[in-house]
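Me: Please pick one strand pairing in this model and walk me through it closely. After that, I'd like to see how other parts of the chain are put together.

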Amino acid sequence: MASFTSGRLHVIGGGLAGAALATLMAEDGVDVTLYDEAEPFESRWTRGMQTAPKSHKTAEPEIFYDPQGLVADYFARFPEIPTKLIRSAHCVMGLKRGRRKPAVIQLDQGIAHALVARRLGFVLRTITAINLWHQRFSSEETRVGNSSFPSDFDPDDQANKPGTYHRDALAVLAEVLFSMPAHRCSSALLARVLAPNLRSLLSKSHEPVFSAIDPIILNDIALPTLRERFITSGGNINAYTKLGDIDSTSEYATDLLFDDDTQIVLKPNDAVVLALHPRPLCDTVPDIGIPPAPARRQTMAFELRQSFAEPRCLLISDDIVRAIYCSRRHIQVSLNSSFHLPSDGTIDQFAERIWKRCVWLCSQYLNMDLQARSQNGQDVDYPNFRFIDTEAPFPEFNPGFAAFRHRLRPPWKNLFLCGDSFPADYPPGPAALFASVKQVRQQLQGFLTQ
């Protein structure tokens, strides 16, 4: 292996992206220092889903789209981490249009293929495939669209509005993959995610593309393992150190200025990696010039008395519920991003309404009886619950820039960007995060061996 003794590496941001990259680079023999405004190697990846040590057992299983298996491949290099950290997820999309029979689409083996296969006849399937592929090259300003999501509670005139299962499916997928309303999601980026290449669209044999990560194993085993590996390899940790500003010349970053008045002087052959979410990134490097659009997650977690053998996921075109995640002894209900809590009524009344909706949806689409698994609280008709209202773990850039993320260029030669916001053709999430780690590692190896 080439010598990396010529320069040091400073990684700003100790979340999963920064921690994963710093561990790899330390094992490559690089002198790495990891900075974080809190404690590095603690998961803010699912920070909105209550992953603090005292409450992480109610965390969302974080079912995500990863056709190349990048997340599993990364953790496979550490034999101390159980392989069941990443598992294939049984995912179903349930769509209902007015009083018509619900359509169930199995998504375990290819999203684009499943959507095309829903159409009747060779001609319609061919047209759908061509339209989906053509959408990849549309204007970046085009949006998926704000579909009307009818439910069983809608009046007939609302429920029977014109629309198709296919159009609803795209809107639901945009909601889930981007953590924001469909009318704000880039249609071109969504098309590239659904059909990453022509072979995947035409192939008759597919590998599962949805995976589920277990947040308990992630927080209790995986991240502590990475921390131990990082320290054993000679890495340095500076916790509770927030980056304030970066001094520079026209070509290189020269100084790192932290809020506690600490100043790190950089040599020309030192490298700096910003593994930050879009909001703090834009605050630190205003020259990037793309403000992030905040995305929020409203989630309700119900405790059950009977465990699920495997994670399951239901993506749904419903006016309240966006997705239902079944994992261990919890039902995690992700609410529609365009839905707002009613001003009248209590959170308990709202929880009862959500629980009834989940019971009906799981019965319709998953053939699952939640009532048989539940242990309702005292004098109420729903299980114990926790309501979470917070910023989504993966805030997206403003709509017009969503598909331009890969065109971002740091303003200095020794500065690199790492995290879920930067790889092309990935929705913000775990797969994008590890794709970025892989890419930035290669860039750093080239820079530090010059």
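Reply: Happy to. Two strands pair when DSSP finds at least two bridges between them. Helices (H or I, at least four residues) and strands (E, at least two) are DSSP runs, numbered from the N terminus. This is a predicted model, in which local features need pLDDT of at least 70 and side-chain atom pairs count only at pLDDT 80 or more, while totals for chains, interfaces and linings use all residues. Residues are numbered from 1 along each chain as its sequence is written, and side-chain values use heavy atoms, leaving out hydrogens and water.

Let's look closely at strand β15, residues 312-316. On one side of the story is strand β5 (residues 90-95), which runs parallel to β15 and is joined to it by 5 bridges. If you want a pair to click on, G94 has I316 of β15 as its bridge partner. The other pairing is with strand β16 (residues 321-327), this time antiparallel and over 4 bridges. Here L315 sits opposite A323 of β16. A hairpin of 4 residues carries the chain from β15 into β16. As background, strands of a sheet pair through backbone hydrogen bonds, either parallel or antiparallel.

How enclosed is β15? Because 4 of its 5 residues are buried, β15 is largely enclosed by the rest of the structure. Buried here means under 20% relative accessible area, with exposed being over 50% and partly exposed in between (1.4 Å probe, protein chains only). Its hairpin partner β16 holds R322, an arginine that is buried with a relative accessible area of 5%. The C-alpha atoms of R322 and V176 are separated by 7.1 Å, although their positions lie 146 residues apart along the chain.

That brings us to long-range links in general. Contact means heavy atoms within 4.5 Å. Among contacts between residues at least 6 apart in sequence, 72% join residues at least 24 apart. The chain has 13 helices and 20 strands, and 55% of its 450 residues count as buried.

Another buried arginine is worth a click. R136 lies in the loop between α4 (122-135) and α5 (156-159), and its relative accessible area of 12% makes it buried. Leaving aside residues up to four places away in sequence, R136 touches A188, A191, R192, A195, P196 and N197.

Now to the helix α6 (residues 165-178), which packs against helix α7 (residues 187-194) at an angle of about 90 degrees, with the axes 11 Å apart. That angle makes α6 roughly perpendicular to α7; under 35 degrees would count as roughly parallel, over 145 as roughly antiparallel, 65 to 115 is roughly perpendicular and the rest is oblique. Axes are lines fitted to C-alpha atoms, for helices over the stretch in contact, and angles run from 0 to 180 degrees between N-to-C directions. From α6 come L170, L173, A174, L177 and F178, and from α7 come L189, L190, V193 and L194. By class that gives 9 nonpolar, no polar and no charged residues. Nonpolar covers Ala, Val, Leu, Ile, Met, Phe, Trp, Tyr, Cys and Pro, charged covers Asp, Glu, Lys and Arg, and the others, Gly among them, are polar.

Another helix pair is α1 (residues 16-27) with α13 (residues 430-448), whose axes are 10 Å apart at an angle of about 40 degrees. This makes α1 oblique to α13. The contact involves L16, A17, A20, L21, L24 and M25 of α1, and L433, F434, V437, V440, R441, L444 and L448 of α13. Those residues divide into 12 nonpolar, no polar and 1 charged.

Finally, two small sheets. One is an open sheet of 3 strands in the order β9-β10-β11, with antiparallel pairing. Its edge strands, each pairing on one side only, are β9 (243-248) and β11 (263-265). Strand β10 (residues 253-258) pairs with β11 over 3 bridges, and L257 stands opposite Q263 of β11.

The other open sheet of 3 strands is antiparallel too, in the order β3-β7-β4, with β3 (63-65) and β4 (86-88) at its edges. Its twist averages 35 degrees from one strand to the next. Strand β7 (residues 210-213) pairs with β4 over 3 bridges, where R87 stands opposite A212 of β7.
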